[in-house]
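Look at the model below and turn it around on your screen. Then work through the questions one by one.

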Amino acid sequence: MDNYHRQQRVNTFLVPLLAVISGLVVAAVLIIFTDNSPFAAFEELFKAGFGCSSLNRCAFFTTLERATPLMLTGLSAVVAFRSGMFSIGQEGQFALGALTAAWLGFALDLPPVVHAIVIMLAAMVIGGIYGWIPGVLKVKLNINEVITTIVMNEIAVLFLVYMVNFPLRADRGTTAYSPVIDETAKLMIFMPGSKWGMGFVIAVAAVLAVYFYLWRSAPGYEQRMAGQSSLFALFGGIRNDRAAIRGMFISGALAGLAGAIEVIGVHYRINQDFAPGLGFTGLSVAILGQVHPFGVFLVAILFAGVGLGAQLGLQINLGIPRELGGTVIALMILFVAAEKFYTDGISGLRERWAHFRGQKTAVELAMEEKK
Amino acid sequence: MEGDLFTVALLSSGLRLATPIILAALGGAFCARAGVLNLALEGKMLLGAFVAIVATFYLGNTLAGIFVAVLLGGLLGYMFAFFYLKYEVNLIILALAINLLIGELTVYVMRVLFGNVGSWSDPSIQRLPDFEIPLLSSIPIVGDILSGYNFIVYFSWLACIVGYIVLFHSKFGRHIRAVGENKQAAETLGINVRRVQVSAMVIAGMLCALGGAFLSVGHLSLFTRNMSNGLGWVAVTANIFGFQHPLGVLLTGYFFGLAEAFAVRIQNVTDLPPNLIQLLPQFATLAALILVALREKANLALIRRRFRRQLARGEMQTPVAGD
Amino acid sequence: MANAVELRNITKYFPSSNVLANNDVTLSIAEGEVHALVGENGAGKTTLMNIFYGLHQPDSGEILVNGQPVEIHHPDDAIKLGIGMVHQHFKLVPSFTIAENIMLGIEPNQYGMLKKKEEAELVRQLANDFGLPVDPYARIRDLPVGMQQRVEILKALQREAKILILDEPTAVLTPQEVKELLAVVRNLAQRGRTIIFITHKLVEVKDVADRLSVMRGGKMIGTRSVAETSIPDMARMMVGRSVLLELDKKPATPGQVVFKADNITVTDASGLPAVRHISFSVREGEILGIAGVSGNGQTELVEAISGMRPVEGGTFTFVDKDITRRSVGERRKQGMAHIPEDRIKIGLNLETNLDENLVVNRYKLPEFNRLGFMILSAMKRFASFAVKQFSIAAAQPGEMIATLSGGTCRRWCWRVSCLASRSLSLPTSQRAVWMWAALSLCIGRWWMCGTGRRRCC
């Protein structure tokens, strides 16, 4: 019995690890097609993604900067999943959060820090409401949240395109951009050369906050119970519907915050392609991170590093297209989702090892126990 | 001529733009009927677009290229089914991973093969020819609207009608619907659930790939990164709005295509915001979802009200305990 | 009589739940008989039949049909051998018509296209042949349960089943429908069909079966002729010891009324009436039993009492307060506990650990909750207290519930609910005879320690 428990624990770490390794193996095959050595390429990728030659030219800071929105959208997915809602609406909530920030960034006139805080709060509220709607539709009308969030993603992205092209357009130039936000709205940056700064600190704080919320607070407890077994929660007197709606609101707020930080911390303005799949990547971060805030933290950095390494290290130094990074990430998600492949393999090996040492199989053990 | 732009030309370009949506949505409908939520339409479409143009380039024949694309689309559908059925991968995660994988891999392969470019074309590539349908094209306006496309457009209409007949009037289609609605019912009667679901997913993969091929060698003759540009997601929505019914999908697909065509037209002719038009079908879908749910709820409420009325009138025959 | 079916030394183990469902089971069924297979829930009857029907593969053992060893890997193989099964939960497609359901998989067709008229005609003919008339064009979702079961039986007959397995066919039927079904079963046996009748209702066994086989804890206990076995003997075989029908307890001295249900009406999930105009009251220190065949509204009634299901009419009064519109949590706070019928699905969350499971109906109490934050140490303390209190072996605080065995889980669930309070709503059914006896002991203790205190036992 205890053995079973231990196996489960081990699998939690072993499966993502094996998935990452499998992803790298396939990547190596893809690299060979470009007449490069996979090992040299991985070294290059690692140096460019996670390396630090000097404090001023530190690629790792850029990785952390890019990990920020992934962390927040990943957390957004974690909160939704843990309350039993398979929300894939991060994309739309992110877009609306970014739009809110881009608009308030120049429309409001406030003192420095206050301006940024107001923007982030507003983006969280907007994103939260946008998450709340599918939550309510699910709870009150039993409409599948996956479907509503897909449609609402489309709506949000089209709305963003419209806003950037028309009401918020800075000038009639070739490409549509919103005006650059005020200095007062910008988040502090720690290291010149990258946009690594306050946004990352907020994301890390959010990781801790989500962890404490879900595993240490009563509302978080309600949410997890409702997500894992709704009948049990009902039996225990937990209001499932409220827990789900609350989860969706928080999830939306986190994705909205991600959008806001991306605007006021990195780009300072938005164009019409501002939500380039970040929402879906966040979802993947949550899955690969075992739907846990700390897992999300690590995986977000991994993803950002692989992406950056592929862009700088592979494309610029070796001429390998940077899309390899995205390919590897997609493969990792695929492999981690195919968890059963690995767990079956692992338990098969265990059985064989036990057999080799002359131990009894599970059926034999069970039969003996009954006798 | 201006007037024409808004009527006949608009309707026919709507039909053109609707083609990939209709094909992919039909694939989605087959999967949905077999009980599989297929969100990988985008990735499968993109694969079709890429493979079609590359195969056309190497084989020197557009039809052969499309054929290869459809085959590979079917293969991707099979892979999807394999991961889902064999390793019980969550469908949504699987679909998102495949979308991402295809999105990145197509550009990777394009750059490895043809150099560092964002879009690629070759003069040797022939766009699929348009042709007129003999009798139909001679009818005045109707002929202009319904004729003069390449074969994929005609095929998409035919596919919806055939799809309807297959789903609702053939043995195979009934098995698909039975599997989708109650897997165990089908299983206990000896229907091979796995085979039915795999077939549905392979069909979906082929239809999506054909839709993608329409983009790269039917409508234009080039490939750009992320060429499907969300059309797969539009197809998912069109499928929902069309209630997973092949004929419904034909109509909603056209509705979405028309909105796209209208958006393009408006952009060229006026300064009005085009995207608001594209929002229209999306809102319509959301509204349809809500209306259907409300109807369900109202039905339940009706049963309950009727029951309460009977209760009030004391018409319930209460069975006596112990009889 | 020749043996139509022989199952020899069947063993089946489910690694995921660590259950040995069938342990070296041997069963032979004669041709043309009605053979009852009885046993408590979880005795392994359904697993055995699912193996026979090809839905599960046994870990060891062999199957003989008409004396020939056969391999059944898939229901398809079973159907070809003339085996038909009516499952406890019907396997019907709700939006399909009766004819479409019956002919699913064997549709008359031409080049793959359906011939719907011919199909309906075939079904009509079959139904008339067996005296089980149905409307081929009626949709399953509009039909009452008894009719759906008839469709299931016709489904098997259409596939020319010689051996028919009925898995707890009477569990969901009204008394009238049961009578009809038993007549159908006898009729089928007369027409030369072999019938395996799974049940735990011994009266029905006496009524309809020629022989019976008893299973307990995954093992075959024995096969007897029904005519030569009395119902108490059957019960003894099922339970493994004679059933204690009298409990050694002091006579009850009920106090004033604590709980009152007045003219309660409840609907089930599909909006159909499940409980109609029920009134009763419970006094302090009293144990009230509500008996009935499952599916007659007890589940809905209990869910309504505990607050999990809204009521359509009537009122509940609990300690002089109207609690009809109160939430589950508020009822808990007032001191109502509930041990659900399905203790594993409803009473436990298998995906988390013991501590979190234990506090589900008390996490809002100040001892576990400070300013909205859970006090983990208090939860752990409570878990070890509960482990010690109920001396459950193999359970430690912090342990995942999923690693406990099914029986341990069930025991957990109700013992822990005992910790709660004033009034307890308990699931019992005739089937779980021994469970009821054990439970009575617990309630006995609970009852003896009175109702004034929060913790008892």
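Q: Into which domains is chain A divided?
A: This is a predicted model, in which local features need pLDDT of at least 70, side-chain atom pairs count only at pLDDT 80 or more, and totals for chains, interfaces and linings use all residues. Residues are numbered from 1 along each chain as its sequence is written, and chains are lettered from A and ligands numbered from 1 in the order in which they are written. Domain bounds come from an automatic or database domain assignment. For chain A they give domain 1 (2-337) and domain 2 (340-371).

Q: How far apart do the centres of domain 1 and domain 2 of chain A lie?
A: Take the C-alpha centre of each of these domains of chain A. The separation between the two centres is 40 Å.

Q: Is Thr62(A) buried or exposed?
A: Thr62(A) is part of helix H3 (residues 59-82) of chain A. A residue is buried if 20 or more other C-beta atoms lie within 10 Å of its own, exposed if 12 or fewer, and partly exposed in between, with C-beta atoms placed from the backbone. Thr62(A) has 22 other C-beta atoms within 10 Å, so it counts as buried.

Q: What separates the C-alpha atoms of Thr62(A) and Leu308(A)?
A: Two residues are in contact if their C-beta atoms, placed from the backbone, lie within 7 Å. Beyond its neighbours within four places in sequence, Thr62(A) contacts Ser194(A), Trp196(A) and Leu308(A). Along the chain, Thr62(A) and Leu308(A) are 246 residues apart, yet the distance between their C-alpha atoms is 7.9 Å.

Q: Which helix gives the most to the side of chain A that touches chain B?
A: Here 40 residues of chain A contact 36 residues of chain B. Helices H5 (112-141), H6 (145-165), H11 (278-288), H13 (323-337) and H14 (339-356) of chain A each supply at least two residues of this side of chain A. Helices (H or I, at least four residues) and strands (E, at least two) are DSSP runs, numbered from the N terminus. With 12 residues, the top contributor is H6(A).

Q: How many residues on the side of chain A that touches chain B are nonpolar?
A: Ala, Val, Leu, Ile, Met, Phe, Trp, Tyr, Cys and Pro count as nonpolar, Asp, Glu, Lys and Arg as charged, and the others, Gly among them, as polar. On this side of chain A, 7 residues are polar and 3 are charged. The nonpolar residues number 30.

Q: What share of the residues of chain B count as buried?
A: Chain B has 14 helices and 2 strands. Its C-alpha atoms fill a box of roughly 85 × 50 × 40 Å along the principal axes. Of the 323 residues of chain B, the buried share is 51%.

Q: Which strands of chain C are the edge strands of the sheet E6-E9-E10-E3-E11-E12?
A: Two strands pair if DSSP finds at least two bridges between them. This open sheet of chain C has 6 strands, and its pairing is mixed. Two of its strands pair on one side only: E6 (83-86) and E12 (219-225) of chain C.

Q: Which residue is the bridge partner of Ala36(C) in E10(C)?
A: Strand E3 (residues 34-38) and strand E10 (residues 194-199) of chain C pair in the parallel sense over 5 bridges. In E10(C), Ala36(C) is matched with Phe197(C).

Q: At about what angle does helix H6 of chain C run to E10(C)?
A: Axes are lines fitted to C-alpha atoms, for helices over the stretch in contact, and angles run from 0 to 180 degrees between N-to-C directions. Helix H6 (residues 175-190) of chain C lies across E3, E9 (163-167) and E10 of chain C. Its angle to E10(C) is about 150°.

Q: Why is one side of E14 and of E16 in chain C left without a neighbour in the sheet?
A: The open sheet E14-E13-E15-E16 of chain C is antiparallel. E14 (273-283) and E16 (321-322) of chain C stand at its edges, so each has a single partner strand.

Q: Which helix of chain C has the lowest mean pLDDT among its elements?
A: pLDDT is the predictor's confidence in each residue, from 0 to 100. Over residues 418-457 of chain C, pLDDT stays under 50. Where pLDDT is low, the predicted coordinates should not be read in detail. The lowest mean among the elements of chain C is 39, for helix H14 (residues 433-448).
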